[in-house]
Amino acid sequence: MSVHTATIEWRRGDQVFTDRRYSRAHDWRFDGGAVVRASSDPSSIPPPLSDPAAVDPEEALVAAVSACHMMFFLAHAAKDGFTVDSYVDQAEGALGRDERGKTAITAVTLRPRIVWSGERTPTPDEVAALHHRSHDDCFIANSIRAPVRIETV
């Protein structure tokens, strides 16, 4: 199949560290050259020890599920002859206790809003089938324990 890499880089700098008051901000570097500023979630490690403007791992997981679903959805829609003009998803992940008592993302909810054009637009049943196929094919959804719900309008 394939291998996917990321380099996660954090540096202490002149922080004491053992007092546990060190910055959680760090960089994610990807093979294509993209660098993303990341940090812990400010609700778990308050600023200034976290960076509220940075991406936290929980947000990244939700974004990965959403983007994976979207890319399969667009591919299936195109294959079926439908034209998508825009796809906007206000995805959300719930952090809570799972059945093992561990803190985990316990559910991911996708809320895609899709704008269609062209001579042939899908029926609600066809849209539901596109979402079902996309969910079944999504590598990321297939990799996590949390259920992924899709709320459509």
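The exercises below work through a sheet, a core and one buried serine in a predicted model.

Residues are numbered from 1 along each chain as its sequence is written. Because the model is predicted, local features need pLDDT of at least 70 and side-chain atom pairs count only at pLDDT 80 or more, while totals for chains, interfaces and linings use all residues; side-chain values use heavy atoms, with hydrogens and water left out.

**Exercise 1. State the strand order of the open sheet, and explain why strand 5 and strand 8 each have one side without a neighbour in the sheet.**

Step 1. Strands are DSSP runs of E with at least two residues, helices are runs of H or I with at least four, and both are numbered from the N terminus. Two strands pair if DSSP finds at least two bridges between them.

Step 2. The open sheet has three strands in the order 5-6-8, with mixed pairing.

Step 3. Strand 5 (92–97) and strand 8 (148–150) are at the edges with a single partner strand each, so one side of each has no neighbour in the sheet. From one strand to the next, the twist averages 25°.

Step 4. Strand 6 (residues 103–110) and strand 8 run parallel and are joined by three bridges. Leucine 110 has isoleucine 150 in strand 8 as its bridge partner.

**Exercise 2. Find which helix lies across these strands and what it supplies to the largest nonpolar core.**

Step 1. Helix 1 (residues 57–79) lies across strand 5, strand 6 and strand 8, at about 35° to strand 6. Such angles run from 0 to 180 degrees between N-to-C directions, with axes fitted to C-alpha atoms, for helices over the stretch in contact.

Step 2. A nonpolar core is a set of buried Ala, Val, Leu, Ile, Met, Phe, Trp, Tyr and Cys residues joined through side-chain atoms within 4.5 Å. Buried means under 20% relative accessible area, exposed over 50%, partly exposed in between (1.4 Å probe, protein chains only).

Step 3. The largest such core has eleven residues, among them Val62, Val65, Phe72, Ile105 and Val148. Helix 1 gives the largest share, four residues.

Step 4. Not counting residues up to four places away in sequence, valine 65 touches Val108, Leu110, Cys138, Ile140, Ile144 and Val148 (contact: heavy atoms within 4.5 Å).

**Exercise 3. Is serine 39 buried or exposed, and which backbone nitrogen does its side chain reach?**

Step 1. Serine 39 sits in the loop between strand 3 (35–38) and helix 1.

Step 2. Its relative accessible area is 0%, so serine 39 is buried.

Step 3. The side chain of serine 39 reaches the backbone nitrogen of aspartate 51 at 2.9 Å.

Notes. A polar contact is a pair of N or O atoms within 3.5 Å; within protein, one must be able to donate a hydrogen and the other to accept it, and residues adjacent in sequence count only if both atoms are side-chain atoms.
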